[in-house]
Amino acid sequence: MNAKRLCYACDLVDSPELIEIYKSYHSKENAWPEITKSIKDSGIIDMEIYLLANRLFMIMEVDESYTPERKQMMDAANPKVQEWEELMWKFQQAPPGAKEGEKWLPMEQIYKLE
């Protein structure tokens, strides 16, 4: 299997209280199983999200079946994912340069250890 790594950035609303609530939604005990399943079903093998101040960084390992377009179509057809996304919009905001409706933007790799 050829895995590929993709990295994205998103901003949270700059509120310590909202950031703590956002973090709690992503804790192991509070994660929605339907969302975890939808992530895995889309070809995402592994995912980690890191936080610095109010900026999020997401690192994903994906298999060859994953494309952002396919994931977007799967998400649009999944009512639980739509419910999750609507909930997350209360905490997330688009980073600079995002288009209308975008919140997670792909990051450019500028270095790789060889």
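**Exercise 1. Determine how many salt bridges the structure holds, and characterise the one between E61 and R5.**

Solution. The structure, a predicted model, holds 7 salt bridges. One of them joins the side chains of E61 and R5, with an N to O distance of 2.8 Å. That distance satisfies the criterion, which requires the nitrogen to lie within 4 Å of a carboxyl oxygen. Next, place the partners: E61 belongs to strand β3 (residues 55-62) and R5 to strand β1 (residues 4-12). The two residues are 56 residues apart, and the pair links distant parts of the chain. Finally, consider accessibility: R5 has a relative accessible area of 55% and is therefore exposed, the cut-off being over 50%.

**Exercise 2. Locate the salt bridges D41 to K37 and K80 to E83 in the secondary structure.**

Solution. Begin with D41 and K37, whose closest N and O atoms are 2.6 Å apart. Both residues lie in helix α2 (residues 33-41), with a spacing of 4 residues, about one turn of the helix. D41 is partly exposed, at a relative accessible area of 39%.

Turn then to K80 and E83, whose side chains meet at 3.5 Å, N to O. Both are part of helix α4 (residues 79-88), 3 residues apart, again about one turn of the helix. K80, at 27% relative accessibility, counts as partly exposed, and E83, at 42%, also counts as partly exposed.

**Exercise 3. Describe the backbone and the setting of A53.**

Solution. A53 has a positive phi of about 55 degrees, although A53 is not a glycine. Its position is in the loop between β2 (44-52) and β3. With 61% relative accessibility, A53 counts as exposed.

**Exercise 4. Describe the largest pocket and the second largest pocket by volume and lining.**

Solution. Take the largest pocket to begin with: about 1,300 Å³ of space lies in it. Its lining comprises 41 residues, and M58, K71, D75, E85 and W104 lie nearest its centre. Elements giving two or more residues to this lining include α1 (16-25), α3 (68-76) and β5 (105-106). Sorted by class, the lining has 23 nonpolar, 8 polar and 10 charged residues.

For the second largest pocket, the space is about 200 Å³. The residues lining it are R5, L6, C7, Y8, P106, M107, E108, Q109 and K112. Strand β1 supplies the largest share of this lining, 4 residues. By class, 5 residues are nonpolar, 1 is polar and 3 are charged. R5 thus appears twice in these exercises: R5 lines the second largest pocket and pairs with E61 in a salt bridge.

Note on methods: Residues are numbered from 1 along each chain as its sequence is written. This is a predicted model: local features need pLDDT of at least 70, side-chain atom pairs count only at pLDDT 80 or more; totals for chains, interfaces and linings use all residues. Side-chain values use heavy atoms; hydrogens and water are left out. Buried means under 20% relative accessible area, exposed over 50%, partly exposed in between (1.4 Å probe, protein chains only). On a 1 Å grid over the protein atoms alone, a cavity is a set of points where a 1.4 Å probe fits but cannot get out, and a pocket is an open set with protein on both sides within 12 Å along at least five of seven lines; lining residues have an atom within 4 Å of a point. Grid points are joined across faces, edges and corners, and a volume is the space filled by probe spheres set on the points. Ala, Val, Leu, Ile, Met, Phe, Trp, Tyr, Cys and Pro count as nonpolar, Asp, Glu, Lys and Arg as charged, and the others, Gly among them, as polar.
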